[in-house]
Amino acid sequence: MNLERLTGQEILPRTSHLVKIYRAAFGGPPWHEDERAADAFAERLTADAQRPGFVAVLASDNGEPAGFGTAWRTPRPFPTGRAYDLVRAELGDAVETRLVGALEVDELAVSPHARGQGLAGRILDLLCGRADSCWLLTAPQAADAIRFYERLGWRRLTGPRANIVVFLRSP
């Protein structure tokens, strides 16, 4: 398995690889993402790659795309839109002190054929390795993802009845 840490400009020519992984990773339960969602991801990636501090990790197995992660530093003030409003609704003003300035893991995806080999953890390690703290979110119905982050030692910031699950990793 080969992992590459890439900048926004370096990842954009590989957008089709990331979209292929995205479709495979999020097409089934619990996500059930369709083609429109994959197209929307490609559009978001084009914009996100321009963010200050954007970084991506792309994993390939014998030249075939196998997984990826994307991240950037959360700016001040804490953003609105996307899922940010849900995060603020759950954490309140704590977002300003706990999440602003931290590396925000936006996407983490592993193709079904590459699962069960520790790849997601390796992607996260390379993506977050240099950051003082990292945060990410997932959906409450993503039980496997929640257990995975907990096994890796990420700390859950939201309660069991939250509409979104926010995790923090700090030294």
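1. Let's start with helix H6. Seven of its ten residues are buried, so call this helix mostly covered; buried here means under 20% relative accessible area, exposed means over 50%, and partly exposed is in between, using a 1.4 Å probe and protein chains only. The buried residues are Leu-119, Ala-120, Gly-121, Ile-123, Leu-124, Leu-127 and Cys-128. A word on naming: helices (H or I, at least four residues) and strands (E, at least two) are DSSP runs, numbered from the N terminus.

2. Some housekeeping before going on. This is a predicted model, in which local features need pLDDT of at least 70 and side-chain atom pairs count only at pLDDT 80 or more, while totals for chains, interfaces and linings use all residues. Residues are numbered from 1 along each chain as its sequence is written, and side-chain values use heavy atoms, with hydrogens and water left out.

3. Now the sheet. Seven strands form an open sheet with mixed pairing, in the order E1-E2-E3-E4-E5-E7-E6. Two strands count as paired if DSSP finds at least two bridges between them. The edges belong to strand E1 (2-6) and strand E6 (155-156); each has a single partner strand, so one side of each has no neighbour in the sheet. As background, strands of a sheet pair through backbone hydrogen bonds, either parallel or antiparallel.

4. Strand E2 (residues 55-61) and strand E3 (residues 64-73) run antiparallel and are joined by seven bridges. If you want to trace the register, Ala-59 has Gly-67 of E3 as its bridge partner, and Ala-56 stands opposite Thr-70 in E3. The hairpin of E2 and E3 has two residues between the strands, and Asn-62 there takes a positive phi near 50°.

5. On to the neighbour of E3 in the other pairing: E3 and E4 are also antiparallel, with seven bridges joining them. Trp-72 has Glu-104 of E4 as its bridge partner. Why call E3 largely enclosed by the rest of the structure? Because eight of its ten residues are buried.

6. Which helices sit on this sheet? After the E2 and E3 pairing, which has seven bridges, look at helix H2 (residues 15-26): this helix packs on the sheet and touches E2, E3 and strand E4 (103-110), with its direction at about 100° to that of E3. Helix H6 (residues 119-128) packs on the sheet too, touching E1, E2, E3, E4, strand E5 (134-138) and strand E7 (165-169), and its direction makes about 155° with that of E4. Contact means heavy atoms within 4.5 Å. Axes are lines fitted to C-alpha atoms, for helices over the stretch in contact, and angles run from 0 to 180 degrees between N-to-C directions.

7. H2 also meets a helix. Its axis and that of helix H3 (residues 35-48) come within 10 Å and cross at roughly 145°. From H2, the contact uses Thr-15, Leu-18, Val-19, Tyr-22 and Arg-23; from H3, Glu-35, Ala-37, Ala-38, Asp-39, Phe-41, Ala-42, Arg-44 and Leu-45. By class, the contact of H2 with H3 has eight nonpolar, one polar and four charged residues. For those classes, Ala, Val, Leu, Ile, Met, Phe, Trp, Tyr, Cys and Pro count as nonpolar, Asp, Glu, Lys and Arg as charged, and the others, Gly among them, as polar.

8. Here is a spot to click on. Ala-83 lies in the loop between E3 and helix H4 (84-91) and is partly exposed, at 23% relative accessible area. Leaving aside neighbours within four places in sequence, Ala-83 is in contact with Leu-137 and Ile-164. Leu-137 lies in strand E5, is partly exposed at 31%, and touches Ala-83, Val-87, Ile-164, Val-165 and Val-166, not counting residues up to four places away in sequence. Leu-137 and Ile-164 are 27 residues apart along the chain, with their C-alpha atoms separated by 6.9 Å.

9. Ser-133 lies in the loop between H6 and E5. Is Ser-133 buried or exposed? Buried, with a relative accessible area of 17%. Outside its neighbours within four places in sequence, Ser-133 is in contact with Arg-73, Ala-102, Leu-103, Leu-168, Arg-169 and Ser-170.

10. Last, the cysteines. Cys-128 is buried at 0% relative accessible area, and Cys-134 is likewise buried at 0%. How many disulfides does a search of the whole structure find? Zero, taking a disulfide as a pair of cysteine sulfur atoms within 2.5 Å.
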